[in-house]
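Grab a pencil and keep the viewer open. Try each task before you read its solution.

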Amino acid sequence: MQDLFGDPDTVAIERALAEIRSGRPVVVSGEEGSALTLAAESVDSKALKKLRTAGMTDLRLVLSPARLRLLGHDVETAGSIEIEDDDAEALLNVVCQVDARLERAVPRSACRTETAGLELVRLAYLLPAAVVVPIEGKPDLSGVVTIETAAIEHYRKHVLTAPHIVSRAPVPLEDVGDTEFVVFRGGEGMRDQVAVIVGSPDPNEAVYVRIHSACLTGDLFASLKCDCGDQLRSTVKRMAEMGGGVLLYLDQEGRGNGIANKIRAYRLQHAGYDTYEADEILGFDLDQRRFDFAAAMLRELGFTSVRLMTNNPEKVAALREAGLNVASSHRVMGRSTEHNVSYLETKRDRAGHIIAKDLKA
C-alpha cells in the first residue's frame, strides 16, 4: 500500500503532528525505549492525574535550552525535569512565565526519545515543551499513533526540503499587473507555500527574488509593530517596475513559531521585552525559520540565479548553501514609526539585519 499512501515514516509524522496539535498523545519509540508524549500546553491537571492512575508515574517535562537558560540553567541542549505533582497551572508557569524559576528541580540532559518528542511538538507550532512519560510494561495504548525517533529526525533533514507544485493560475494585482500564483505543498506540517511570479522573469538571467515569511498582522492588517507589510508591497511593485521577479510567500509566521506564539510574544513585548527576548522567554531560539525549501521552490520554477531583495544576511547564506547563485542582494526598507523603531533596531543589533543606524520614529 506504500504506493497509495506514500512513505510510511512521512505519513506517521503527519498523523502524529495532527494528534499533537489536537491535544492528544503520541508514542515516540526508539533504541532508548518508548515514551508517551504530549504538548505541555495541552495538558491539564485531569490528564496528569489520569496518567498517574494508569501507572505512569515517571512524568517528565522536556524543555528547550533557551527556556532552561531563562530558568537559570546554563545549558546548550534540551533537558528534562521531574513533574512532581498534578498542578497543570504550575507546569505551564515553568513552560512560559517570565518570573518562573526551578528552585529544587535540576534538569538532566534529555535523551534521544525526549529530544525527538520535543521536536515533534515544535514542528506542530506549539510552545516548545513536552510532557514525556516512559512506557513500562504493556499498557493499553490502542489507537495511539506511534512514531520512531529516526523518522522525526529524517523528516527534519529531508522531507521538509521537497515541496511540490499543487496548483497555479494567473492573478492580476492592483498597481502590479500580471502575476502568476504557484502553490507548493511542503515545509513543516505539509503547509502550502506560495510563489508569486511577477511579470515574465527570464530564467536565464539572475531574477529578483523576495523570500517573505507570512505576517498576518503586518501583511493583512497593516500592523505598526513591524515593517513586513511595507516590505511585501514595495518589493512586488519594484519587481513589476524592473521587468519581473519572484516573491516566495512562506508559511513561517512569527519567525517560524506560529501565529499563537507570535501573539504570546507580542504580549511580552507590550510588557517591555524586545522581540527576541520575548521569543526566548517562550523557549525559542533567535530564529526558527528555514529557507532551504525556498531554494527548492526556485529550482522547481527553473530559477538558479537570483538578486535577493532582503536585509537579512541569513537568507543570502541559506540560498548559497543550497547551491543557488546569489548574484546580488538589495535592501528593502519599510517605514520606521514610534511603534516599530525599537523592533527594527533590535533586528539590526541582535540579528545582523542591514538596517540604517539613524532610524527615526
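Below are six short exercises on this predicted model, each with a worked solution.

**Exercise 1. Find the elements with the lowest and the highest mean pLDDT, and decide how to read them.**

Step 1: start with the whole protein. Its mean pLDDT is 89, and 96% of its residues reach 70 or more.
Step 2: go element by element. Helix α1 (residues 2-5) sits at the bottom with a mean of 56, while strand β13 (residues 305-309) comes out highest at 97.
Step 3: apply the usual caution. Where pLDDT is low, predicted coordinates shouldn't be read in detail.

**Exercise 2. Take helix α2 (residues 8-21) and work out how it's oriented against helix α7 (residues 149-157) and against helix α6 (residues 112-123).**

Step 1: for α2 and α7, the axes come within 9 Å and cross at roughly 95°. Angles from 65 to 115 degrees count as roughly perpendicular, so α2 is roughly perpendicular to α7.
Step 2: list who does the touching there. On the α2 side you'll find D9, T10, I13 and L17, and on the α7 side A151, I152 and Y155.
Step 3: repeat for α6. Its axis is 9 Å from that of α2, and the packing angle is about 75°. These two helices are therefore roughly perpendicular as well.
Step 4: pick out the contact residues. I13, A16, L17 and I20 of α2 meet L120, V121 and L123 of α6. Compare with the α7 contact, where I13 and L17 are also among the α2 residues.

**Exercise 3. Locate the annotated binding site, then ask which of its residues line the largest cavity.**

Step 1: collect the annotation. The unreviewed UniProt entry marks R210, I211, H212, S213, A214, Q231, E253, G254, R255, T275, T310 and K315 as "binding site".
Step 2: check these against the lining of the largest cavity. R210, H212, S213, A214, Q231, E253, G254, R255, T275, T310 and K315 are in it.
Step 3: look at I211 in more detail. This residue belongs to strand β11 (residues 207-213), and because its relative accessibility is 0%, it counts as buried.
Step 4: find its partners. Leaving out neighbours within four places in sequence, I211 contacts L248, L250, F291, A294, L308, K315 and L319. K315 is itself on the binding-site list.
Step 5: do the same for G254. It's part of helix α10 (residues 253-256) and, with residues up to four places away in sequence not counted, it touches A214 and K262.

**Exercise 4. Are the annotated active-site residues D287 and R289 buried or exposed, and what surrounds R289?**

Step 1: the "active site" feature at D287 and R289 comes from UniProt, again from an unreviewed entry. Both D287 and R289 belong to the lining of the largest cavity.
Step 2: place them. D287 is in the loop between α12 (275-281) and α13 (292-301), and R289 is in the loop between α12 and α13 too.
Step 3: compare accessibility. D287 has 31%, so it counts as partly exposed. R289 has 16%, so it's buried.
Step 4: list the contacts of R289, leaving aside neighbours within four places in sequence: S213, Q252, R255, G256, N312 and K315. Of these, S213, R255 and K315 also carry the binding-site annotation.
Step 5: add Q288, which lies in the loop between α12 and α13. Its relative accessibility is 12%, so Q288 is buried. With residues up to four places away not counted, Q288 touches R122, R255, G256 and N257.

**Exercise 5. Which phi values do D175 and A222 have, and where do these residues sit?**

Step 1: recall the background. Most residues other than glycine have a negative phi.
Step 2: D175 isn't a glycine, yet its phi is positive, about 65°. You'll find D175 in the loop between β8 (164-170) and β9 (179-185), and it counts as exposed because its relative accessibility is 65%.
Step 3: A222 isn't a glycine either, and its phi is also positive, about 55°. This one is in the loop between α8 (216-220) and α9 (228-241), and at 45% relative accessibility A222 counts as partly exposed.

**Exercise 6. How far apart in space are D202 and G302, C-alpha to C-alpha?**

Step 1: find D202 in the loop between β10 (192-199) and β11. At 36% relative accessibility, D202 is partly exposed.
Step 2: set sequence against space. D202 and G302 are 100 residues apart in sequence, and their C-alpha atoms are 9.4 Å apart.

Methods
Residues numbered from 1 in each chain as written. Predicted model: local features only at pLDDT ≥ 70, side-chain atom pairs only at ≥ 80, totals over all residues. Heavy atoms only, no water. UniProt positions renumbered as here; feature names shortened; annotations may be inferred. 1 Å grid on protein atoms, 1.4 Å probe; cavity = no way out; pocket = protein on both sides within 12 Å on 5 of 7 lines; lining within 4 Å. Helix = DSSP H or I, 4+ residues; strand = E, 2+ residues; numbered from the N terminus. Buried < 20%, exposed > 50% of the residue type's maximum accessible area, 1.4 Å probe, protein only. Contact = heavy atoms within 4.5 Å. pLDDT = per-residue confidence, 0-100. Axes fitted to C-alpha atoms, helices over the stretch in contact; angles between N-to-C directions. Parallel < 35°, antiparallel > 145°, perpendicular 65-115°, else oblique.
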